[in-house]
Amino acid sequence: MKLPFRWGNLIATAVLTGGIVVFFLIFLDPLLKRAIISAGQSALGAKVELESVETKIFKGKITLKGFAAANKEEPMTNLIEFKEARFQLLPAPLLEKKAVIEDASIEGLTWGTPRKTSGALPKKEVKKQEEESKPSPVQKKIQESVGQAQDFGLSRMESVQGGAQ
């Protein structure tokens with residue numbers, strides 16, 4: 001009696017599937033962390049720090065913890081900082097190379113906070129940025145948002161102080 005499958009193919013498929021699962025469990029989080037930091041530093045021209053990235057790929061959850069992006073113009077100040085960001089993705093569209101974010105939240109979002117260490121990039125990375133010299137669209141939008149948020153916060157504080165007198 002002949003079996004409808006070959007043991008060699010079954011074993012090869014199991015080993016390949018196991019290897020892919022192990023890769024995602026062990027290496028995905030550090031690779032994502034490195035990619036986020038690298039992309040952020042390229043876009044902003046300043047140091048980007050990220051404590052950790054946690055993914056639950058089969059549940060479609062991504063959590064970023066301890067994010068801080070320095071201000072290129074003021075290296076001892078963070079342009080933006082947050083304690084935790086959580087994203088809930090629909091897993092099925094990921095198989096079609098699409099990302100559908102069902103839910104997103106950010107905790108501890110602040111702008112313009114002081115840094116303990118300089119956010120300036122090392123000189124060789126600065127040279128790359130000088131070649132591009134033009135601020136990126138992302139950098140422009142973030143700087144606009146920071147300015148608007150600070151203006152809004154100051155105007156609200158002035159109105160509260162004015163009403164208290």
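How many aromatic pairs does the structure hold? Two, and this tour stops at each of them. Keep in mind as you click around that you're looking at a predicted model.

**Stop one: Phe 23 and Phe 27.** Select these two residues and show their side chains. The ring centres sit 5.9 Å apart and the planes meet at 40 degrees, so this pair counts as tilted. Now colour helix 1, which covers residues 7-44: both Phe 23 and Phe 27 belong to it, four residues apart, or about one turn of the helix. Are these rings buried or exposed? Neither label fits: Phe 23 is partly exposed at 37% relative accessibility, and Phe 27 is partly exposed too, at 44%.

**Stop two: Phe 67 and Phe 82.** Hop over to this aromatic pair, which is stacked, with 4.9 Å from centre to centre and 15 degrees between the planes. Phe 67 is in strand 2 (residues 61-70) and Phe 82 is in strand 3, so the pair ties together parts 15 residues apart in sequence. Turn on the surface here: Phe 67 is buried, with a relative accessible area of 14%, and Phe 82 is buried as well, at 10%.

**Stop three: Glu 84.** Stay on strand 3, which runs over residues 78-89, and pick Glu 84. Its relative accessible area is 17%, and because buried means under 20%, Glu 84 counts as buried. What is Glu 84 in contact with, leaving aside its neighbours within four places in sequence? Select Thr 63, Leu 64 and Lys 65, then add Ser 105, Ile 106 and Glu 107, and you have those contacts on screen.

Key
Residues numbered from 1 in each chain as written. Predicted model: local features only at pLDDT ≥ 70, side-chain atom pairs only at ≥ 80, totals over all residues. Heavy atoms only, no water. Helix = DSSP H or I, 4+ residues; strand = E, 2+ residues; numbered from the N terminus. Buried < 20%, exposed > 50% of the residue type's maximum accessible area, 1.4 Å probe, protein only. Contact = heavy atoms within 4.5 Å. Phe/Tyr/Trp six-rings, centres within 6.5 Å; stacked < 30°, edge-to-face > 60°.
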